[in-house]
Amino acid sequence: MKTLSALVVMLTVSLIIFGCAPNAKETELGKFITAHVGKIRPIDKEANLAWWGAALSGQPEDYDRVRKLTLEIRQVYSNPGEFTFLKDVKASGQVKDAVLARQLDVLHNAYLKNQIEPELLKELVDLGTKIEKDFSTFRGTIEGEKVTDNKIKAILKTETDSVKRTEAWLASKQVGAAISDDIIRLVKLRNQAARKLGFDNFHTLTLTAGEQDVGELDKIFSELYELTNEPFATLKAELDGVLSSKYGVDVGELMPWHYHDPFFQETPMVYELDLDAYYEGKDVRRLAEKFYAGIGLLVGSVLVNSDLYEREGKNPHAFCTDIDREGDVRILCNLSDNEYWMETILHELGHAVYDKYHDRKVPFLLRRPVHAFTTEAIAMFFGRLSRNPVWMQQMLRLPDGQRAEIEKVSGKYAQLKQIIFARWAMVMYNFEKQLYADPEQDLNSLWWEMVEKYQLVRKPPGRDKPDWAAKIHFTAAPCYYHNYMLGELLASQLHHHIVHRILKLDSDEGVGYVGQKEAGEFLAANVFEAGALYHWNEMIQRATGEPLTPKYFVAQFVSR
Ligand SMILES: [Zn+2]
């Protein structure tokens, strides 16, 4: 026995020395990575600090610094010689070490999306900036009078006169006609850049660089479509009944302007749920810190570096930033004692714990969430709790009666919110895919085909205007919208797994996660620590036992 184990030890030692020694390509790549990280790490930290400073001060010169540093980073990744090197190493198939191979993938993708010739890039940036400016300065008109976006939204929320609703809706679409030609030009330029890199179009390039695959996304979205078809039709019919009597219009006559926002992406305020009263006078910061501590995720170090309250000149929204991938994680909020900010601080701290709990032994390039949608999923997972009756009861010490009050509407509300958003996301994903596949086609008709198919909202008779172009995402965040949906799906998949496999419960009834350390430990060990060590779908497979699937989202929100 002794000899055998000695032999095993000898074999192991020699394997370490000889068998697993890095080959020439691996050594070369290792050197490249060291040099690259040496270069990028300080600029990255400086850019993050500059961005943080600008968000706090609102000063144009601070934003200018952010712009310069962002450009500096972009210049590193646009180096064609370095990209060729990475492409060749990848093509050689010689990189066997899994961690090195992952870093190679991540680097390759980062360089890939920046390989656009300087002249074309300038044209793209200039046109994109022009459209965004035109979009944000455009004002629609009602009876010749200019109206703001907020005015339009207010009319669609509260006005009961169908004629006035129609005018407001039409006003919200006028921007589309003003900028659609430019957007089509931008789409063609983006396609031109993508084709030079050997891709069919820009949509495919963007997805590939984001480690996503059109076939994979098509499968997820069509499954989601099938699974939500019937329940959506039922809920929508119920909603239409309410709207029809509210506006005195036959159900068959309901038009896009009868919904409460220009795209029917939000829940009409007919089953309104007012939770603000429960948070009035409460310290949402303290509640959030206490909740996270209870599940074993400590956010004290994040909160001391953060900026949480409103101030003149400060960014009025919220975000989370990982300054150095060494533990300096901060959130920006503008807290107030209402449900919106309760959700927001839970959401941002979700991003923060993901960043904070990366294993520091994971190489710098992989020490970040594996995908934008995976960190969004964690943020959503926690953000959803601000409306969870069990969570609210336990954190706010509500009597059973109040919990029952909340339960009466919260389930219905969450269901509507999620299913309406899912159907809207299908329009965005499928339209955008086809927009890039053929920008010459009749996009106005295509848009309404999608809206009728997925949202069951009728096209106004004879309507032939670029209504799609009134959505700024096509310009400002191209080929990204689907990630919001994937985030929701993953949040539900993790929820299902934790409830059934980790907490070993039969259903999520009564689950608010308060004090449930196993939940926090599970997320840290299976999602946060690995960072980007595995492809996102491998991470999900390892964490939950199966790849990303819409079925748990459907189970949580649709078929209950
Ligand atoms: Zn977020």
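## A walk from Ile502 to the zinc site

At 26% relative accessibility, Ile502 counts as partly exposed, because that class lies between buried (under 20% relative accessible area) and exposed (over 50%), using a 1.4 Å probe and protein chains only. This is a predicted model, in which local features need pLDDT of at least 70, side-chain atom pairs count only at pLDDT 80 or more, and totals for chains, interfaces and linings use all residues. Residues are numbered from 1 along each chain as its sequence is written, and side-chain values use heavy atoms, with hydrogens and water left out.

Ile502 lies in helix α20; helices are DSSP runs (H or I, at least four residues) numbered from the N terminus. Leaving aside residues up to four places away in sequence, Ile502 touches His497, Glu518 and Phe522, where contact means heavy atoms within 4.5 Å. Between the C-alpha atoms of Ile502 and Ile155 there are 47 Å, with the two positions 347 residues apart along the chain.

Phe522 leads on to helix α21 (residues 517–528), where the buried residues are Ala519, Gly520, Phe522, Leu523, Ala524, Val527 and Phe528. They pack against α14, α15 (372–383), α20 (482–502) and α22 (536–544).

### The zinc ion

Which residues hold the zinc ion? Its protein donors are His347 (NE2), His351 (NE2) and Glu376 (OE), at 2.1 to 2.2 Å. Donors here are N, O and S atoms within 2.8 Å of the metal (3.2 Å for Na, K and Ca), and water is not among the atoms, so sites may look incomplete. Along the chain the donors follow the spacing H-x3-H-x24-E. His347 and His351 sit about one helical turn apart because they are four residues apart in helix α14 (residues 339–356). An α-helix has 3.6 residues a turn, so residues three or four places apart point the same way. Both His347 and His351 are buried.

### The cores

A nonpolar core is a set of buried Ala, Val, Leu, Ile, Met, Phe, Trp, Tyr and Cys residues joined through side-chain atoms within 4.5 Å. The largest one has 173 residues, and Phe382 and Trp447 have the most contacts inside it. Helix α17 (residues 400–437) gives this core its largest share, 16 residues. A second, separate core of six residues includes Ala55, Leu56, Phe319 and Leu332. Among the residues that Phe382 touches, beyond those up to four places away in sequence, are Leu346, Gly350, Val353 and Leu523.

### A helix pair

Helix α6 (residues 118–137) packs with helix α8 (residues 162–196) at an angle of about 160°, and their axes are 10 Å apart. Axes are lines fitted to C-alpha atoms over the stretch in contact, and angles run from 0 to 180 degrees between N-to-C directions. That makes α6 roughly antiparallel to α8, a term for angles over 145 degrees. Residues of α6 that meet α8 include Leu120, Leu124, Leu127 and Ile131, and those on the α8 side include Val175, Ile179, Ile183 and Leu186.

### Two loop residues with positive phi

Glu211 and Lys504 are both worth a look in your viewer.

| Residue | Phi | Loop | Relative accessibility |
|---|---|---|---|
| Glu211 | near 55° | between α9 (202–209) and α10 (214–247) | 15%, buried |
| Lys504 | near 55° | between α20 and α21 | 65%, exposed |

Each has a positive phi in a residue other than glycine.

Terms used. Helices (H or I, at least four residues) and strands (E, at least two) are DSSP runs, numbered from the N terminus. Angles under 35 degrees count as roughly parallel, over 145 as roughly antiparallel, 65 to 115 as roughly perpendicular and the rest as oblique.
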